[in-house]
Amino acid sequence: MIGIITTEMKMPEGLTFGQKVRWQRQELKLTQEKLANLLGLDRGTIIDYEKDRSVPRTPQAKRELAEVLQLEYDALYDNTLGAVAVAPKNPVKIGLNFGQLRRSFKKSGGQQLRDWKRMFKYLLNHTETLTEDDRQNILSCVEEINAVIKGRKKANRGGGAFSGSK
């Protein structure tokens, strides 16, 4: 007997906001750390979301979480609806040279890094045909961009220290 394969993954109904975040994060094979990096948050914030201790505060933050989790906004924030995510039907490799991209991050300016990050997030959220390999490479690139930005912020904070000159 041949079973029917569906491309729609149905989230169980009646889940709290935090349970939905955790369920979908796990469906997407994201760690709490990776999800936090994609959103520019720390892991503790994701833990708070998953334990229903907090929710994103701004409408923009709420939209970004729904987009990264690939869920409809209303389904994520309404306790009465089960959320639906659609899996890729025919994955196609996008053919980016991720190694070359990664090398360029350290040389890129702040605005260029933010533009790359926006583009990668767009690809993740609006391209249904990404291969799993491309998806993981894009997630890795976003993490690397966040690390470069964070490293520069730390360096800038440390660079303004008192030099001791009169």
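Let's start with the charge on the surface: Arg114, Lys150, Lys153, Lys154 and Arg157 gather there in a patch of positive charge. Please keep in mind as we go that this is a predicted model. Which helix gives the most to the positive patch? That is helix α8, residues 132–159, with 4 residues. One residue to find in helix α8 is Arg157. Its relative accessible area is 62%, so Arg157 is exposed.

Now let's move to a loop. Between α1, residues 17–27, and α2, residues 32–39, you will see Lys29. Is Lys29 buried or exposed? Lys29 counts as exposed, because its relative accessibility is 61%. Have a look, too, at where Lys29 sits relative to Gln136: the two are 107 residues apart along the chain, and their C-alpha atoms are separated by 9.6 Å.

Next, the salt bridges. As a bit of background, side chains of opposite charge can pair when their charged atoms come close. How many salt bridges does a search of the whole structure find? The search finds 4, and I'd like to walk you through some of them.

Here is one: Arg25 forms a salt bridge with Glu50, and the closest N and O atoms are 2.5 Å apart. This pair links distant parts of the chain, with Arg25 in helix α1 and Glu50 in helix α3, residues 43–50, 25 residues apart. Are these partners buried or exposed? Arg25 counts as buried, at 7% relative accessibility. Glu50 is buried as well, with a relative accessible area of 10%.

Here is another: Arg102 and Glu144 bring their side chains together in a salt bridge, 2.6 Å from N to O. Arg102 lies in helix α6, residues 98–105, and Glu144 lies in helix α8, so this pair ties together parts that are 42 residues apart in sequence. Arg102 is partly exposed, with a relative accessible area of 21%, and Glu144 also counts as partly exposed, at 29% relative accessibility.

One more for you to find on the screen: Asp48 forms a salt bridge with Arg53, where the closest N and O atoms are 3.0 Å apart. Asp48 counts as partly exposed, at 27% relative accessibility, whereas Arg53 is exposed, with a relative accessible area of 53%.

If you'd like a helix to come back to, try α8: it gives the most to the positive patch, and it holds Glu144, the partner of Arg102. Thanks, everyone!

Notes:
Residues numbered from 1 in each chain as written. Predicted model: local features only at pLDDT ≥ 70, side-chain atom pairs only at ≥ 80, totals over all residues. Heavy atoms only, no water. Patch = residues over 30% accessible without salt bridge, like charges linked within 9 Å, V, L, I, M, F, W, Y side chains within 5 Å. Areas by Shrake-Rupley, 256 points an atom, 1.4 Å probe, with all protein chains shown as cover. Lys, Arg positive; Asp, Glu negative; His and termini not counted. Charge placed at Lys NZ, Arg CZ, Asp CG, Glu CD. Helix = DSSP H or I, 4+ residues; strand = E, 2+ residues; numbered from the N terminus. Buried < 20%, exposed > 50% of the residue type's maximum accessible area, 1.4 Å probe, protein only.
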